[in-house]
Amino acid sequence: MKVAKRTFDAVIVGAGGAGLRAALQLSEAGMKTAVLTKVFPTRSHTVAAQGGVAASLGNSTEDNWHWHMYDTVKGSDWLGDQDAIEFMVKKANEVVVELEHYGMPFDRTDNGKIYQRPFGGHSQNYGQTPVSRSCAAADRTGHAMLHALYQRNVRANTQFFVEWMAMDLIRNADGDVLGVTAMEMETGEVSIFHAKATIFATGGAGRIYYSSTNAFINTGDGVGMAARAGIPLEDMEFWQFHPTGVAGAGVLITEGVRGEGGILRNVSGERFMERYAPNLKDLASRDVVSRAMTTEINEGRGCGSGKDHVLLDITHLSPETINKRLPGIREISIQFAGVDPIKAPIPVVPTCHYQMGGIPTNYKGQVVVPKDGNPNVPIPGFYAAGECACASVHGANRLGTNSLLDLLVFGKAAGETVVSDFQSGQLSLKPLPDDAADVSLARIARLETQTGGEDVHEVRLEMQRTMQKHAGVFRFADIMKEGVTKIMEVAERAKRTQIKDKSKVWNTARTEALELDNLIEVAKATMVSAEARKESRGAHVRDDAIDCAETPNGRDDANWLKHTLWYSEGNRLDYKPVNLQPMSADVEPIALAKRTY
């Protein structure tokens, strides 16, 4: 089969916040840039981000980047790399003001400055009191961000390939990345996108779980492609369960609701977070709130006929405040919960939300792998940013609103690095191997010609149920061990999938089958990495983790203060050290401490 080839200076996979911000940097520098996206750019999953973007502007309350850095390191349970975290929080004000100048319609204070609201885990004076740090556009911040960035890219003549799915990385014998193969979803045509630089900005993979706030497009495509190409995945055991998904639907209710004064209550009407986080209460870090909610439910204090959820109460807020600051949340609550939050509390339950791990990168956006004793050697021609990447600024748990900040800071950083490498002559168009498209063509042929194979939907459902049961909010040694066996069985079934109803090939069956190949890589990485980490840290909480003075809350810094690296080939694990040193010599490291709120 003859495969068409398209040539660019750079190809970006994904058109969410990180992809659009990187593309803008390249296109405005005069680079010929292609952006591949499964959906129209303004429908990327960044559109679902509600609460805001973190920046220590200090418009509502006193703030500075040192406090933001402390909150982020503490939130990460000290698994975040402090050089990358310093870089991110120091860049925050710059990228937010830049976005404002692109036309982002932020809410305003009475004096015309960007409105900022409190958010979970963000504080003044190194954890003492809540701070207003989240820059918001009502409860539609991601939606506004995507539109502002997309319009700017149109102006810069970025070339978009809409409803194209990237399939596989192309690497040469030296391991350099030369581009990707991709399929036009409507026609099934496979093409090679040959480029000097390849940037992955493909988002997360929350669809490995049965209950998730993620869109159906969040299938870990970049992470799966990287894993199949021999690149390790970092810290994949850490998944954030957002405290407030609509019970029974999983649709996200932003943390901004609690930032505006929302209160979590159990069946007795008690504000139970006062018992778990006496200082920050309902605005404690997400993993802390999720576990508190799950504990309330497990101990019989849940609400409803099934006692399977708790209530998020904003009935004490004025209707004017709700309609001004949380209009989308009111609409979601009415549509998905059948509740008008002006009149009654919203039923909520923890739901899989965010992937802290991903493709290993440094703060410049370069993809890095261990080589010759160095744990962070850049792969020539390969960059990543956003949720698919692991910088690592989120460590074991991400703070709310740091996700949109991550997109802006590291999307821009990856773009700046590519432009610098391009202008200095470090990037060149290297020859393609003769078999550049063979792996992708073989994958499609297997799906369409195999007989007696597995049904894609059934395998995917089994994977999601396995992950939900064996790697959820609380994790148990025997259940995770059983989960490793089960997910490897599901992975074997995934190798035998086929498209059974050929009439549904257009844009559905073929695409879903290819997405499953990516999802299963993420699921394996998550389950194997989680079972191996014999401690509790951030979002990863084991029942058998020992709690003592040296290992607060079951955290074991002596043995487990390290990043996990999972390799698909051989299903093996390796580790690398956490960088506890900030970037600047005059910045004090955030010392290890017990994590309380």
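This is a conversation between a visitor and a guide about selected features of the predicted model above.

Guide: In this predicted model, local features need pLDDT of at least 70, side-chain atom pairs count only at pLDDT 80 or more, and totals for chains, interfaces and linings use all residues. Residues are numbered from 1 along each chain as its sequence is written, and side-chain values use heavy atoms, with hydrogens and water left out.

Visitor: Why is the pair Lys90 and Glu86 called a salt bridge?

Guide: A salt bridge is a side-chain nitrogen of Lys or Arg within 4 Å of a carboxyl oxygen of Asp or Glu. The N to O distance between the side chains of Lys90 and Glu86 is 3.0 Å, so the pair satisfies the definition. In general, side chains of opposite charge can pair when their charged atoms come close. The two residues are 4 residues apart in helix α3 (residues 82-101), and therefore about one helical turn separates them. Helices (H or I, at least four residues) and strands (E, at least two) are DSSP runs, numbered from the N terminus.

Visitor: What makes Glu86 buried?

Guide: Buried means under 20% relative accessible area, exposed over 50%, and partly exposed in between (1.4 Å probe, protein chains only). Glu86 has a relative accessible area of 1%, so Glu86 is buried. Lys90, at 41%, counts as partly exposed.

Visitor: Which parts does the salt bridge between Glu448 and Arg510 tie together?

Guide: The side chains of Glu448 and Arg510 meet at 2.5 Å, N to O. Glu448 lies in helix α12 (residues 438-449) and Arg510 in helix α15 (residues 505-532), so the pair ties together parts that are 62 residues apart in sequence. Glu448 is partly exposed at 28%, whereas Arg510 is buried at 10%.

Visitor: How many salt bridges does a search of the whole structure find?

Guide: The search finds 46 salt bridges. One of them joins the side chains of Arg533 and Glu535, at 2.7 Å from N to O. Both Arg533 and Glu535 are buried. Salt bridges that share partners place these two residues in one network with Asp77, Glu237, Asp287, Arg291, Arg537, Arg555, Asp557 and Arg595.

Visitor: How do you know that Cys352 is in no disulfide?

Guide: A disulfide is a pair of cysteine sulfur atoms within 2.5 Å. The structure holds 0 disulfides. For Cys352, the nearest cysteine sulfur, that of Cys390, is 16 Å away. Cys352 is also buried, with a relative accessible area of 0%. The sulfur of Cys388 is 11 Å from the closest cysteine sulfur, in Cys390, which is too far for a bond. Cys388 is buried as well, at 0%.

Visitor: What makes strands β13 and β14 a pair?

Guide: Two strands pair if DSSP finds at least two bridges between them. Strand β13 (residues 310-313) and strand β14 (residues 346-355) have 3 bridges in the antiparallel sense, so they meet the definition. In β14, Pro347 is the bridge partner of Leu311. The open sheet has 4 strands in the order β11-β14-β13-β12, with antiparallel pairing. Its edge strands are β11 (239-246) and β12 (263-265), each pairing on one side only.

Visitor: Why is Ser285 called buried?

Guide: Ser285 has a relative accessible area of 0%, and therefore counts as buried. Ser285 is found in the loop between α7 (273-276) and α8 (286-298).
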